[in-house]
Every structure is written in C-alpha cells, then in structure tokens.
Amino acid sequence: MNEFGFYCVTAALVVAAYAFLVSALAGKRADPVLAQSGENALIGSFVLIALASASLISLLIHSDFNNEYVASYTSLDLPLHYKVTAFWGGQTGSLLFWTLLLSVFTVVVVFQNQAKNRELMPYVCAALAVVQSFFLAVLTFVAPPFATLGAARPADGTGLNPLLQNYWMVVHPPHLYLGFVGFTVPFAFGVAALVSNNLNPVWIKTTRRWTLVAWLFLTMGIFMGAHWAYLELGWGGYWAWDPVENASFMPWLLGTAFLHSVMVQEKKGMLKVWNLVLIILTFEMCLFGTFLTRSGVVSSVHSFAQSNIGSFFVAFIGGSLGISFYFLFRRLQNRQLEPEQRLTAFFSRESSFLFNNLLFLGIAFAVFWGTVFPIVSEAVRGVKVSVSIPFFNNVTLPVAFALLALTGVCPLIAWRKASVKNFNRNFLYPLIAGIATIPAAMVFGVMQPMPLLFFAASVFVLATVVWEFWKGTRARQAARAESEQGESWLRALYLLVATNKRRYGGFIIHAGVVLVFVGIIGSSFFRMEQDFVMRQGETARFKNYSFTFQSFGQRREVNKEVSLARVDLFRNGKKLATMRPEKHFHFKGEQPQTEVDILSQFDEDFYIVLVGWDDKGAATFKIYINPLVSWIWFGGFVMALGTLFVMMPNRQRRALARTMRQEVRHAA
Amino acid sequence: MQPSRRSGCLPLAVVRLFHRPGPEVAGGLVFLALCLSLSVGSLPAAAPGKPVTKEQVQEITSNLVCLCGCGNKTVSVCGCGVADATIREVETMLSQGKTVDEIFAHYVNASGLVALASPPKKGFNLIAWILPFAGILIGGVFLIGKIRNWQSDLDRREAVLRKASAAPASPAAEDPYKQRLNSELGKID
C-alpha cells in the first residue's frame with residue numbers, strides 16, 4: 001500500500017504537469033482538442049490523488065507503522081475516528097489533503113464549465129494544474145507521506161497530539177482547508193482573464209459562488225478554531241493572535257475585502273484592477289498561511305515542527321505573485337483595465353466600499369506585519385523579539401472600530417452621490433440609537449471609552465439593519481396597497497427578502513458580525529477571574545455564583561488516565577449545573593491536558609479549570625466569568641446562515657431569465 | 001505529571017500551638033517550623049512591604065511572554081507552571097517596591113527583548129508600531145487624492161459640456177464624422 005500510494009502521487013505529478021503544458025498550449029492556439037485533453041488529464045490527476053489519499057487512510061486505519069507518517073501520528077490505542085482524521089493531523093498528510101481538495105474542486109470547475117467560458121477554461125485549467133503540480137512536487141520530493149521506516153519500524157506509534165483528540169480539532173482543519181483551497185478557483189479565473197486578455201467581468205460572475213463558498217468555510221473554520229481554543233487550552237480565551245491563527249485570519253480579511261469590492265465592479269464597472277490585485281493577494285495569503293502553519297518558521301502552539309518545505313513555498317509564492325503581477329501590469333500598460341465609470345463623490349457607496357477595503361487591508365497588513373516582525377527583527381538585527389496579544393489588540397482595535405462603523409454606513413449610502421435627504425432617510429434614527437447607547441451603557445456600569453464606542457457602533461449597525469428591513473417591508477406593503485393587492489407585514493417581509501437574497505443576506509451577515517463584536521468586547525473588557533483553593537465539601541463565592549466542591553476522583557481509559565472534580569454550581573441560590581473539570585494524562589503525552597467545564601448562558605459563561613490538587617483532598621480551581629462569549633459563537637452561526645442565504649438561487653429571477661431566453665428563441 | 005500543590009497547614013498549626021498544654025509546646029513549635037518550611041516552597045518569598053493588587057500583577061504579566069515554548073502566549077493567559085512561577089516572581093518584586101519598568105528590565109536582562117509581549121516603542125522596533133498606521137494613512141491620502149482628481153475631471157468635463165451646449169455650434173466644433181457624412185451626402189445630392 002505504501003508503494004501504491006507513492007506511485008499514485010508521482011503519477012499524479014506527471015499527469016498534472018502534462019495538464020498544465022497541454023492547457024497552456026490549448027489557450028495559446030485556441031485548440032479545443034488540446035483543451036479537452038488538459039481537462040481529462042486533470043480528471044485523471046484527481047483519480048490518482050484520491051487513490052493516494054485512500055492508501056494513506058488505509059495505512060492509518062490498519063496502523064501500518066512501517067509508514068513514517070502513520071508511526072508519527074497514530075498509535076495502537078488511538079480511537080478509530082482519530083486514526084482517520086490523523087490524515088490532516090500532520091504536515092505531509094495535511095498537504096496531501098490540501099491537494100485532494102484542490103483536485104476535487106478542479107474537477108467540479110471542469111464539469112461546471114463544459115458549455116461556457118471555453119475561451120478562459122484552458123488558462124483556468126493551466127493555473128489550477130500549476131498549483132496542483134507544486135503541491136504534488138512537494139509531496140513527491142520534499143515531504144512524502146509514504147516514506148517508510150523499514151528496519152526502524154516501531155511496535156507502536158507515537159500517537160496523535162492529545163490537543164488534537166477533540167471534536168473541534170477534527171472539523172476545524174478541513175473547514176479551513178476548504179476555504180484556502182476554494183480561493184484558488186477565483187484566483188485561477190482571475191489569472192486566466194489576465195493571461196488570455198479576456199478581461200470582461202465574466203470571470204467574477206462565474207466565480208462569485210466559489211468565492212462565497214470559500215469565504216463561508218474559512219469563516220466557519222476560524223470560528224471552530226477559536227471555539228476549540230476556548231474549550232481546550234484552558235486559559236479562558238479564544239484568540240491569542242498565535243501566528244497560525246493569524247495565518248487564517250489574513251486571507252479571511254482579504255477575501256472579505258474582495259467580496260465587497262466585486263459588487264462595485266458588477267454594478268459600476270469600476271475597481272477592475274483592484275479586484276484582480278485582491279484575489280491574487282488572497283490566494284497568495286492562503287499559500288502563505290499554509291507555509292506558516294507547516295514550516296514552523298514562527299513558533300506557534302500549532303506548529304508541527306520546523307521543516308524543510310518553507311523555501312519551496314517561498315519560491316512558489318514569489319513565482320506565482322511575480323507572474324500574476326507581470327500580466328496585470330502588461331494589461332495596465334495597454335489600458336485594457338480602464339473602468340467604465342469613475343468614482344466622483346466622497347459620500348457615495350462606491351467610495352465607502354473603497355474605504356472599507358482600505359481598512360480591511362490595513363488590518364490584514366497590521367496582522368501580517370506583527371506576525372513576521374520577529375523574523376524581520378532577527379534577520380535584520382539579530383535580535384529576537386516577541387509580538388503578542390498587546391501589540392495586535394492595540395493596533396487592530398482602533399481600525400476594527402472604524403470598520404464596524406463603516407459596516408453600518410456602506411450598505412445604505414446612495415450609489416454615485418449621497419445627499420442630505422439620503423442621510424436623513426437612512427441614518428438619522430440608527431445614529432440616534434447608537435449615540436443613546438453610550439449613556440445607557442454607562443448606567444449599566446460600562447465606563448471605559450473603548451467598550452462604550454464599540455457598543456455604540458454595534459447598536460448603530462444593528463439599527464441600520466433593522467431599519468432597512470423595516471423600510472423595505474413598509475415600501476412593499478405600500479406599493480401592494482396602491483395596486484389593491486394587499487399584503488400582510490410578514491408576507492411582505494418574506495417576499496422582500498426572498499426576491500433580494502443577496503442584499504438582505506448581506507444584512508444578516510452584518511448582523512452576525514455585530515454580535516461577534518459585542519461578544520469580543522464583552523469578554524475582553526469585562527472578564528473576571530480568580531483562583532480558589534477548596535477542600536471537598538467547601539463552598540466558595542464569586543460574583544453572584546456559589547459553588548461547592550463535592551468530590552474528586554480518577555478513572556482509567558484506553559489511552560489516558562483522567563482526574564476529575566465534581567463541583568455543584570449555584571447562581572443567586574438556584575442550582576445551575578454540576579461542573580466536571582478534568583485533567584487528562586495521556587500515556588503517550590508529555591504534558592497533562594486540561595479539560596475545562598463551561599456553563600454557557602446568554603449573558604456570560606462560567607468557566608472552571610481544575611488547576612491542581614494535593615493528597616490532602618484540597619484542589620485548586622481557576623474560575624473565569626466571561627461575559628457575552630456565547631454571542632461570538634451565535635454571531636458566527638448567523639454569519640454562516642446569512643452566507644447560505646445569499647447563495648440560495650433566486651427562483652423568481654431564474655424564472656424570469658428562463659422566460660426571456662424562451663422569448664429570444666421564439667423571436668429567432 | 002506535576003499537579004500544583006498548595007499547603008493549607010499553617011493556620012491550623014498556629015491554632016494547635018496556642019491550644020496545647022505547656023509540655024507539648026516544644027512539639028508544637030517543631031510542628032510549626034515544619035509547616036513553615038513546607039509553605040516556603042509554595043508561597044511567594046515573603047517580604048514585608050507594599051500590598052500587591054491583582055490589577056498590578058495583571059498589568060505586568062499581560063505584557064510578558066511566557067517562555068515555556070507554547071508560542072507567544074502572555075504570562076497572564078498561559079496557565080502553565082512556568083507562567084505560574086513568573087506570576088509569583090512578579091508579585092514578590094512588586095511587594096518589594098520595584099517599579100513596573102524595573103520588573104520589565106529584570107526579565108529583559110534575563111531573557112532578552114523576547115520576554116516582552118510587544119516590541120519596545122523605540123529605535124528599530126518603532127517600525128513595528130508605526131508601519132501599519134502609516135500604511136493606512138498613506139492609503140487613505142492616496143484614495144482621497146484619487147477621488148479628488150476624478151471629481152475635478154468630472155467637474156471639468158461638465159463645464160465643457162455646459163459651455164458647448166450654451167454656444168452656437170461652429171463648423172470647426174462639429175463632429176468630424178458628421179462633417180464627413182454631410183460632405184458625402186453633398187456629393188450624392
């Protein structure tokens with residue numbers, strides 16, 4: 001099976017390289033036969049990569065410790081589902097997983113475009129084949145997943161890192177990778193448009209859903225990772241500006257900027273160059289994120305050890321960036337990317353989108369710069385420095401505030417030029433609501449300027465969303481009343497939203513973003529924590545909670561020993577739950593693993609950590625009260641729901657388009 | 001497997017000492033001494049002096065990086081044994097009257113600038129702080145300049161159009177294609 005997997009990877013590399021050459025030639029010669037050959041080769045490459053992946057999974061399931069990867073990331077006592085998910089638990093496996101996802105997406109693109117975009121497709125296939133070839137080359141020559149140990153084969157494997165033996169760690173990497181890999185498709189189309197000189201906005205329309213899907217998975221992946229950190233790392237927080245966390249956040253920021261600015265190109269024919277720059281940077285940042293995670297160049301709790309793939313990634317990122325920008329500059333020089341209209345007013349939706357992009361890029365650059373600065377400092381001056389939570393918070397928070405405020409302004413300001421009338425109609429009431437939040441929050445004891453500003457901005461944005469739904473529903477009802485059709489409020493709201501999913505789905509996503517911001521501010525600025533040393537039977541008090549340490553015990557499981565405490569929790573005298581914080585001692589692990597217990601409520605989380613115990617029956621608990629944390633997870637859920645809503649097909653529009661096509665055919 | 005241990009025997013030892021009859025006072029003293037020596041390992045090195053608040057400790061530990069190898073978590077959030085020991089050290093130094101700057105200097109002298117959670121705002125490291133804001137500022141200025149240019153272009157074009165619609169059309173100003181059409185039609189006529 002090892003040899004079979006190795007041959008599949010090597011063959012896939014050859015086939016992908018063939019696909020690139022043939023597709024590039026097909027584009028240059030406009031040869032449909034060559035183009036078809038290239039597409040078939042990509043399908044063949046997918047089959048080979050799928051077989052290689054199946055081989056590795058089989059080796060993992062059967063605990064074949066002759067395979068170096070299997071021996072490094074599994075053990076005999078590892079539960080079966082973790083043996084399977086170890087596929088993406090280590091470096092080489094995760095690179096093969098990346099390649100598998102890319103090959104699947106490539107095949108989908110090929111089938112989706114059998115009858116359209118035929119001029120672009122050879123170049124798209126060439127771009128996708130190049131990326132595939134790169135990853136396959138790394139897997140063949142640098143980080144092979146089918147390396148064998150031969151005589152050094154151990155009787156048992158090292159096992160999977162205990163931190164990764166968790167539900168969220170099972171689902172978090174695939175979601176992130178689906179996001180990273182998903183952005184390859186709009187990138188490929190963008191580069192194809194540049195290289196083929198086919199610069200009409202077809203490539204944007206074609207890849208809109210791909211961009212949304214990639215963004216959705218990346219968003220969910222980031223939230224899952226944060227949730228995992230909250231549950232598993234035991235420090236009461238969910239985001240530590242770890243380099244690998246930043247590696248997923250940066251492409252998300254750029255992808256979000258891209259999603260917004262393509263709307264301007266679709267509506268007004270502007271920002272053509274900017275959108276191409278954005279999608280190139282988004283894709284490169286996805287590669288950079290993979291490079292950061294895998295190379296260990298900046299040490300991080302996520303890193304899986306320094307490796308030798310870093311230089312190959314740097315070379316590929318540099319090369320792909322160089323080629324993409326070469327073609328972009330060529331088209332610029334030939335004035336082939338002129339906008340159809342120009343931006344002519346500061347106070348317009350177009351300019352607000354541009355400023356929104358500026359802020360997204362500003363935050364992305366700040367995060368990038370903070371992440372790489374330790375490397376820069378060591379390279380330039382030979383001095384090691386750290387860049388941690390305080391830096392990122394101080395630099396990104398002010399910009400994030402401006403972005404939040406703009407989230408309320410952008411969707412409602414008029415295209416071309418806003419007027420005082422437009423301002424009064426759309427912003428007056430939300431602005432009043434936002435400003436009124438400040439004294440109201442102060443009544444509740446919020447005195448710090450930053451939380452006050454963020455809460456005010458959040459209420460402003462939420463109010464614009466509610467106001468927009470309200471105005472639209474009222475307008476629809478009024479229009480129906482004039483034509484004497486009549487419509488209930490609920491029906492008017494449903495039809496308003498159903499016939500304009502993109503707009504109102506966007507508002508739902510913005511509402512989700514606001515919830516996330518509120519949760520972050522609440523949990524960051526108002527968190528309380530305290531240590532308690534308690535004997536069994538003792539009760540302690542913290543805020544309006546009381547908790548009684550009932551018992552302490554230990555149990556043995558297949559691959560670990562578990563020490564757990566039982567603590568009864570009360571709030572205002574009423575019993576809420578029995579909390580069971582634990583400490584796990586994996587037989588193959590070096591460090592004990594903290595398993596916290598959390599009671600999530602609407603207003604705050606009660607978070608308890610079993611820190612330690614002695615043989616006299618006393619235990620130390622660390623208690624965190626984290627206000628509004630559940631709003632973060634709920635906000636993420638709302639964002640995902642909004643995105644799915646945006647992606648839903650618009651039945652009315654499709655029916656209309658079908659009718660128009662039929663009429664055209666009859667006329668012809 | 002090293003769970004942290006905390007001794008709770010000191011207060012009990014004191015109670016026992018004052019409630020035992022005379023001949024057993026010596027035994028009580030020995031017991032007390034034993035408790036004290038056990039407590040020394042788990043309590044911060046006691047120093048009489050300034051009371052230390054949680055906020056003071058938090059201010060410092062949230063700006064120090066835990067050097068346990070976890071990545072770049074701050075001491076205040078890492079939660080490992082190294083972080084716990086650092087927190088106790090900071091408490092001791094604060095109670096000894098050391099200033100915040102002196103405490104930071106202590107860790108920088110021991111481990112280098114890598115001990116600080118952010119680069120100091122001076123010298124080469126100032127670039128870390130300035131560049132992101134400079135980038136946004138430069139981008140903003142560029143954007144505003146570009147929009148202004150486009151606005152001026154539009155104003156100029158509108159002024160030209162207004163002038164053209166106000167003045168009577170002269171042959172010289174006539175569209176060249178229109179001129180050519182007229183001349184070709186004239187040949188036919």
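This section describes the domains, nonpolar cores, enclosed spaces and selected residues of a predicted model.

The domain assignment splits chain A into four parts: domain 1 (1-160), domain 2 (166-410), domain 3 (419-525) and domain 4 (528-627). Taken over C-alpha atoms, the centres of domain 3 of chain A and domain 4 of chain A are separated by 40 Å. For chain B, the assignment yields domain 1 (1-43), domain 2 (45-118) and domain 3 (122-165). Between domain 2 of chain B and domain 3 of chain B, the distance from C-alpha centre to C-alpha centre is 45 Å.

The largest nonpolar core comprises 193 residues, of which Trp98(A), Val124(A) and Trp203(A) touch the most other members. Helix α9(A) supplies the largest share of this core, with 15 residues. A further core of 22 residues lies apart from the largest one; Met579(A), Ile608(A), Leu610(A) and Trp613(A) are among its members. The surroundings of Trp203(A) can be given in detail. When residues up to four places away in sequence are not counted, Trp203(A) touches Leu120(A), Pro186(A), Phe189(A), Gly190(A) and Ala193(A), as well as Phe258(A), Asn275(A), Leu276(A) and Ile279(A).

Phe258(A), one of the residues touched by Trp203(A), is also among the residues that line the largest cavity. One cavity of 30 Å³ or more was counted in the model, and the volume of the largest cavity is about 40 Å³. Its lining is made up of Ile204(A), Thr207(A), Arg208(A), Thr211(A), Phe258(A), Leu259(A) and Val262(A). Two elements of chain A, α9 (202-232) and α10 (243-268), each give two or more residues to this lining. Helix α9(A) accounts for the largest share, four residues. By residue class, the lining of the largest cavity contains four nonpolar residues, two polar residues and one charged residue.

The second largest pocket encloses about 1400 Å³ of space. It is lined by 45 residues, and those closest to its centre are Val273(A), Trp274(A), Val277(A), Leu281(A) and Leu361(A). Both chains are represented in the lining: two or more residues are given by each of α11, α12 (310-333) and α13 (349-381) of chain A, and by α7 (126-166) of chain B. The contribution of α13(A), eleven residues, is the most that is given to this lining. In composition, the lining of the second largest pocket has 34 nonpolar, five polar and six charged residues.

Several residues in the loops that flank α9 and α10 of chain A were examined individually. Asn197(A) is situated in the loop between α8 (184-196) and α9 of chain A. Its phi is near 65 degrees, a positive value in a residue other than glycine. Asn197(A) has a relative accessibility of 37% and therefore counts as partly exposed, the range for that class lying between 20% and 50%. Leu271(A) occupies the loop between α10 and α11 (272-295) of chain A. Although Leu271(A) is not a glycine, its phi is positive, at about 60 degrees. Because its relative accessibility is 16%, Leu271(A) counts as buried, a class defined by values under 20%.

The loop between α9 and α10 of chain A holds Trp235(A). The relative accessibility of Trp235(A) is 6%, so this residue counts as buried. Contacts of Trp235(A), with residues up to four places away in sequence not counted, involve both chains: Ala240(A), Arg527(A), Tyr607(A) and Tyr624(A) on one side, and Lys73(B) and Val77(B) on the other. From C-alpha to C-alpha, Trp235(A) and Pro79(A) are 27 Å apart in space, with their positions 156 residues apart in sequence.

Leu34(A) belongs to helix α2 (residues 32-61) of chain A. Leaving aside neighbours within four places in sequence, Leu34(A) is in contact with Val22(A), Leu25(A), Ala26(A) and Arg29(A). Leu34(A) and Leu358(A) are 324 residues apart along the chain, and their C-alpha atoms are separated by 42 Å.

Note on methods
Residues are numbered from 1 along each chain as its sequence is written. Chains are lettered from A and ligands numbered from 1 in the order in which they are written. This is a predicted model: local features need pLDDT of at least 70, side-chain atom pairs count only at pLDDT 80 or more; totals for chains, interfaces and linings use all residues. Side-chain values use heavy atoms; hydrogens and water are left out. On a 1 Å grid over the protein atoms alone, a cavity is a set of points where a 1.4 Å probe fits but cannot get out, and a pocket is an open set with protein on both sides within 12 Å along at least five of seven lines; lining residues have an atom within 4 Å of a point. Grid points are joined across faces, edges and corners, and a volume is the space filled by probe spheres set on the points. Ala, Val, Leu, Ile, Met, Phe, Trp, Tyr, Cys and Pro count as nonpolar, Asp, Glu, Lys and Arg as charged, and the others, Gly among them, as polar. Buried means under 20% relative accessible area, exposed over 50%, partly exposed in between (1.4 Å probe, protein chains only). Domain bounds come from an automatic or database domain assignment. A nonpolar core is a set of buried Ala, Val, Leu, Ile, Met, Phe, Trp, Tyr and Cys residues joined through side-chain atoms within 4.5 Å. Contact means heavy atoms within 4.5 Å.
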